[in-house]
Amino acid sequence: DRLKACVPYLLPLIDGDQFAHYIFLRVPALGALNDFFLGPLLTISNNVPFFGVGLFVAFTLGTRFNTDINRNVRFSAQQAALIDVALIFPELIGSSTGDEPLPRALLEPCNNFIWYAYMSAVIYCVYSNLSGRKPDQIPFISAYSELMVGPL
């Protein structure tokens, strides 16, 4: 169950990978590790239509009322989906600039901050799950995940 609880965090890793572009330019070894571990999933995500949407629906609706699945696995699925939803807001802000791109001096630190923030949350959740603890210390997201899982 500890490993099963870590699987849903692949969703925000796949969807947030675009924010690491500048980090991978500055640290090519990290980009090579990313390509090695996440490369196949990113290829599938880019080639299969609605792959991300399908994962999102599976993690949110597929685990919501399924009491046959361990509660911590359901909690992690809901929390991973909410982390993924949180990644939508920076994407919307970035796409609202239209055809005129923002200057790199502004774009790079913003992208780096987003990547560090969501990657820290994912690493914390995976580490907590592997340690046998519930990763319920992410502000706002953990509380809403708890509500979505329910009392059972």
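Is Val27 buried, partly exposed or exposed, and what is its relative accessibility? In this predicted model, Val27 counts as partly exposed because its relative accessibility is 39%, a value that lies between the limits of 20% for buried and 50% for exposed.

**View 1. Val27 belongs to a nonpolar patch on the surface.** Val27 is placed in the loop between H3 and H4. Together with Leu30, Leu33, Phe36 and Phe37, Val27 makes a nonpolar surface patch of about 510 Å².

**View 2. Helix H8 runs from residue 104 to residue 131.** With 28 residues at 1.5 Å a residue, helix H8 should span 40 Å, and the 39 Å between its end C-alpha atoms agrees with that expectation. The buried residues of H8 include Glu108, Trp115, Tyr118, Met119 and Cys125, and what covers the buried residues of this helix includes helix H1, helix H2, helix H3, helix H4, helix H6 and helix H7. Just after H8, Gly132 takes a positive phi of about 90°.

**View 3. Glu108 of helix H8 pairs with Arg26 in a salt bridge.** The closest N and O atoms of Arg26 and Glu108 are 2.5 Å apart. Arg26 lies in helix H3 and Glu108 in helix H8, so the salt bridge ties together parts that are 82 residues apart in sequence. The two partners are covered to unlike degrees, for Arg26 is exposed, with a relative accessible area of 59%, whereas Glu108 counts as buried at 10% relative accessibility. When residues up to four places away in sequence are not counted, Glu108 touches Tyr22 and Arg26. By contrast, the C-alpha atoms of Glu108 and Asn34, which are 74 residues apart along the chain, are separated by 19 Å.

**View 4. Glu146 forms a salt bridge with Arg71 and another with Lys134.** The side chains of Arg71 and Glu146 meet at 2.7 Å, N to O. Arg71 lies in helix H6 and Glu146 in helix H9, so this pair ties together parts that are 75 residues apart in sequence. In the salt bridge between Lys134 and Glu146, the closest N and O atoms are 2.5 Å apart, and this pair links Lys134, in the loop between H8 and H9, with Glu146 in helix H9, twelve residues apart. Each of these residues counts as partly exposed: Arg71 at 23% relative accessibility, Lys134 at 24% and Glu146 at 28%. A search of the whole structure finds five salt bridges.

Notes. Residues numbered from 1 in each chain as written. Predicted model: local features only at pLDDT ≥ 70, side-chain atom pairs only at ≥ 80, totals over all residues. Heavy atoms only, no water. Helix = DSSP H or I, 4+ residues; strand = E, 2+ residues; numbered from the N terminus. Expected span 1.5 Å × (residues − 1). Buried < 20%, exposed > 50% of the residue type's maximum accessible area, 1.4 Å probe, protein only. Contact = heavy atoms within 4.5 Å. Patch = residues over 30% accessible without salt bridge, like charges linked within 9 Å, V, L, I, M, F, W, Y side chains within 5 Å. Areas by Shrake-Rupley, 256 points an atom, 1.4 Å probe, with all protein chains shown as cover. Salt bridge = Lys/Arg side-chain N within 4 Å of Asp/Glu carboxyl O.
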